[in-house]
Amino acid sequence: MANQAGASSSAPLEPGFEDDENDMYGAESGWVEARTSCDHLASLSSDLAHIPTPDTPCNRCQHPSENWLCLSCKDVLCSRFVNKHMLQHFHQTSHCLALSYSDLSIWCFACDSYLDARVIIQLKPVSETAHILKFGEAPPFRSVECSKGNQADGGASSDS
(Lines give C-alpha, C1' and ligand atoms only; values in the text may rest on other atoms or scores of the structure.)
Protein backbone atom coordinates (compact mmCIF):
# COMPACT_ATOMS: atom_id res chain seq x y z
CA MET A 1 0.00 0.00 0.00
CA ALA A 2 2.89 2.38 0.70
CA ASN A 3 4.11 1.87 -2.85
CA GLN A 4 0.70 2.74 -4.25
CA ALA A 5 0.38 5.89 -2.17
CA GLY A 6 3.80 7.19 -3.16
CA ALA A 7 3.81 5.96 -6.76
CA SER A 8 2.11 8.92 -8.40
CA SER A 9 0.57 12.15 -7.24
CA SER A 10 -2.01 11.88 -10.02
CA ALA A 11 -3.18 8.40 -8.99
CA PRO A 12 -6.64 8.40 -7.45
CA LEU A 13 -6.68 7.98 -3.69
CA GLU A 14 -8.83 5.45 -1.92
CA PRO A 15 -11.92 6.94 -0.25
CA GLY A 16 -11.07 8.39 3.17
CA PHE A 17 -7.39 8.97 2.39
CA GLU A 18 -6.04 12.51 2.29
CA ASP A 19 -3.33 13.56 -0.12
CA ASP A 20 -1.24 15.02 2.68
CA GLU A 21 2.16 13.73 3.79
CA ASN A 22 1.45 14.75 7.38
CA ASP A 23 -1.57 12.47 7.43
CA MET A 24 0.21 9.64 5.61
CA TYR A 25 3.38 9.76 7.68
CA GLY A 26 2.18 11.45 10.87
CA ALA A 27 1.49 10.18 14.36
CA GLU A 28 -1.56 8.17 13.30
CA SER A 29 0.64 5.88 11.19
CA GLY A 30 3.23 5.47 13.96
CA TRP A 31 5.80 7.73 12.24
CA VAL A 32 7.95 9.61 14.75
CA GLU A 33 10.06 12.63 13.86
CA ALA A 34 13.34 12.50 15.81
CA ARG A 35 14.71 15.77 17.12
CA THR A 36 17.92 17.09 15.58
CA SER A 37 18.95 19.01 18.71
CA CYS A 38 18.55 18.62 22.46
CA ASP A 39 19.32 20.93 25.38
CA HIS A 40 20.30 18.00 27.63
CA LEU A 41 23.46 16.76 25.90
CA ALA A 42 25.67 18.17 28.67
CA SER A 43 24.53 15.24 30.84
CA LEU A 44 26.18 12.67 28.53
CA SER A 45 28.89 10.47 30.04
CA SER A 46 32.37 11.53 28.98
CA ASP A 47 33.17 7.96 27.89
CA LEU A 48 30.49 6.53 25.63
CA ALA A 49 32.97 4.58 23.51
CA HIS A 50 33.03 1.94 26.27
CA ILE A 51 29.53 0.73 27.06
CA PRO A 52 27.94 -2.49 28.32
CA THR A 53 26.96 -4.99 25.64
CA PRO A 54 23.38 -5.10 24.34
CA ASP A 55 22.77 -8.47 26.05
CA THR A 56 23.37 -6.97 29.50
CA PRO A 57 20.37 -7.65 31.76
CA CYS A 58 18.60 -4.96 33.76
CA ASN A 59 20.75 -3.98 36.75
CA ARG A 60 17.71 -4.11 39.08
CA CYS A 61 15.53 -7.05 38.01
CA GLN A 62 17.92 -8.97 35.72
CA HIS A 63 15.35 -8.98 32.89
CA PRO A 64 17.27 -10.06 29.76
CA SER A 65 15.61 -7.89 27.10
CA GLU A 66 13.90 -4.56 26.35
CA ASN A 67 16.74 -2.84 28.17
CA TRP A 68 18.04 0.70 27.90
CA LEU A 69 21.47 2.21 28.53
CA CYS A 70 21.55 5.40 30.58
CA LEU A 71 23.84 7.73 28.66
CA SER A 72 24.79 9.62 31.82
CA CYS A 73 25.92 6.86 34.20
CA LYS A 74 25.85 3.82 31.85
CA ASP A 75 23.39 1.81 33.99
CA VAL A 76 21.41 -0.76 32.01
CA LEU A 77 17.75 -0.81 33.03
CA CYS A 78 14.55 -2.30 31.65
CA SER A 79 11.92 -0.46 29.64
CA ARG A 80 8.52 0.86 30.65
CA PHE A 81 7.08 -2.28 29.01
CA VAL A 82 8.88 -4.55 31.49
CA ASN A 83 9.37 -3.16 35.03
CA LYS A 84 9.91 0.54 34.21
CA HIS A 85 13.35 0.66 35.84
CA MET A 86 14.78 3.14 33.28
CA LEU A 87 11.81 5.44 33.76
CA GLN A 88 12.22 5.21 37.56
CA HIS A 89 15.93 5.93 37.14
CA PHE A 90 15.12 9.11 35.21
CA HIS A 91 12.70 10.27 37.93
CA GLN A 92 15.22 9.52 40.70
CA THR A 93 18.36 10.92 39.04
CA SER A 94 17.19 13.27 36.24
CA HIS A 95 19.42 11.29 33.86
CA CYS A 96 17.28 11.94 30.81
CA LEU A 97 19.19 10.43 27.86
CA ALA A 98 18.97 6.71 27.12
CA LEU A 99 19.73 4.33 24.27
CA SER A 100 17.40 1.41 23.56
CA TYR A 101 19.28 -1.82 23.06
CA SER A 102 16.23 -3.18 21.21
CA ASP A 103 16.30 -0.79 18.25
CA LEU A 104 19.31 1.45 19.07
CA SER A 105 17.13 4.55 19.22
CA ILE A 106 18.01 7.35 21.63
CA TRP A 107 15.32 8.91 23.82
CA CYS A 108 15.38 12.09 25.89
CA PHE A 109 12.94 11.80 28.78
CA ALA A 110 13.13 15.56 29.44
CA CYS A 111 12.30 16.44 25.81
CA ASP A 112 9.88 13.49 25.60
CA SER A 113 11.31 12.73 22.18
CA TYR A 114 13.60 10.53 20.15
CA LEU A 115 16.91 12.11 19.09
CA ASP A 116 18.53 11.69 15.67
CA ALA A 117 21.99 10.27 16.35
CA ARG A 118 22.91 10.68 12.67
CA VAL A 119 22.61 14.47 13.03
CA ILE A 120 23.53 15.16 16.67
CA ILE A 121 27.31 14.84 16.64
CA GLN A 122 27.65 14.03 20.37
CA LEU A 123 25.44 10.93 19.95
CA LYS A 124 27.26 9.39 16.98
CA PRO A 125 29.99 7.59 19.00
CA VAL A 126 27.58 5.76 21.32
CA SER A 127 25.21 4.99 18.46
CA GLU A 128 28.00 3.52 16.36
CA THR A 129 29.51 1.59 19.29
CA ALA A 130 26.12 0.09 20.19
CA HIS A 131 25.59 -0.94 16.56
CA ILE A 132 28.99 -2.65 16.43
CA LEU A 133 28.33 -4.47 19.73
CA LYS A 134 24.89 -5.61 18.58
CA PHE A 135 25.62 -6.56 14.96
CA GLY A 136 29.40 -7.09 14.86
CA GLU A 137 29.95 -4.42 12.22
CA ALA A 138 29.86 -0.67 11.77
CA PRO A 139 26.50 0.83 10.85
CA PRO A 140 25.91 1.30 7.14
CA PHE A 141 26.84 4.72 5.85
CA ARG A 142 23.77 6.92 5.60
CA SER A 143 24.13 10.32 4.07
CA VAL A 144 22.38 12.92 6.16
CA GLU A 145 22.80 16.57 5.40
CA CYS A 146 23.29 18.64 8.51
CA SER A 147 22.64 22.32 8.34
CA LYS A 148 25.12 24.54 10.10
CA GLY A 149 22.35 25.48 12.51
CA ASN A 150 21.91 21.87 13.65
CA GLN A 151 25.64 21.37 14.08
CA ALA A 152 25.96 24.63 15.98
CA ASP A 153 23.01 23.80 18.23
CA GLY A 154 24.48 20.37 18.99
CA GLY A 155 27.93 21.77 19.63
CA ALA A 156 26.73 24.58 21.86
CA SER A 157 24.69 22.23 24.03
CA SER A 158 27.68 20.25 25.23
CA ASP A 159 29.49 23.35 26.44
CA SER A 160 26.74 24.44 28.83
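1. A good place to start is a group of aromatic side chains: ring pairs link Phe90, Trp107, Phe109 and Tyr114 into a cluster. Please keep in mind as you look that this is a predicted model. The count of aromatic pairs comes to 3.

2. Take Phe90 and Phe109. Their rings are stacked, with 5.1 Å from centre to centre and 15° between the planes. Phe90 sits in helix H3 (residues 85–93), while Phe109 is in the loop between strand S4 (106–108) and strand S5 (113–115), so this pair ties together parts that are 19 residues apart in sequence. Are these two rings buried or exposed? Phe90 has a relative accessibility of 17%, so it counts as buried, the cut-off being under 20%. Phe109, at 12%, is buried too.

3. Now turn to Trp107 and Tyr114. This pair is edge-to-face: the centres are 4.7 Å apart and the planes meet at 75°. Trp107 is buried, at 13% relative accessibility. Tyr114, on the other hand, is partly exposed, with a relative accessible area of 27%.

4. Next, have a look at strand S1, which covers residues 67–70. Which way do its side chains point? Asn67 and Leu69 point one way, Trp68 and Cys70 point the other way, and all of them are buried.

5. Which strands does S1 pair with? One partner is strand S2 (residues 76–78), which runs antiparallel to S1 and is joined to it by 3 bridges. Another is strand S3 (residues 97–100), also paired in the antiparallel sense over 3 bridges. Trp68 is a handy residue to follow here: it stands opposite Leu77 in S2, and it also stands opposite Ser100 in S3.

6. The turn from S1 to S2 deserves a glance as well. This hairpin has 5 residues between the strands, and Lys74 takes a positive phi there. The phi of Lys74 is near 70°, and the residue is not a glycine. Lys74 lies in the loop between S1 and S2 and is partly exposed, with a relative accessible area of 22%.

7. Finally, where is Lys84? You will find Lys84 in the loop between S2 and H3. Its phi is near 65°, again a positive value in a residue other than glycine. With a relative accessible area of 43%, Lys84 is partly exposed.

Technical notes. Residues are numbered from 1 along each chain as its sequence is written. This is a predicted model: local features need pLDDT of at least 70, side-chain atom pairs count only at pLDDT 80 or more; totals for chains, interfaces and linings use all residues. Side-chain values use heavy atoms; hydrogens and water are left out. Rings of Phe, Tyr and Trp (its six-membered ring) pair if their centres lie within 6.5 Å; planes under 30 degrees apart count as stacked, over 60 as edge-to-face and the rest as tilted. Helices (H or I, at least four residues) and strands (E, at least two) are DSSP runs, numbered from the N terminus. Buried means under 20% relative accessible area, exposed over 50%, partly exposed in between (1.4 Å probe, protein chains only). Two strands pair if DSSP finds at least two bridges between them.
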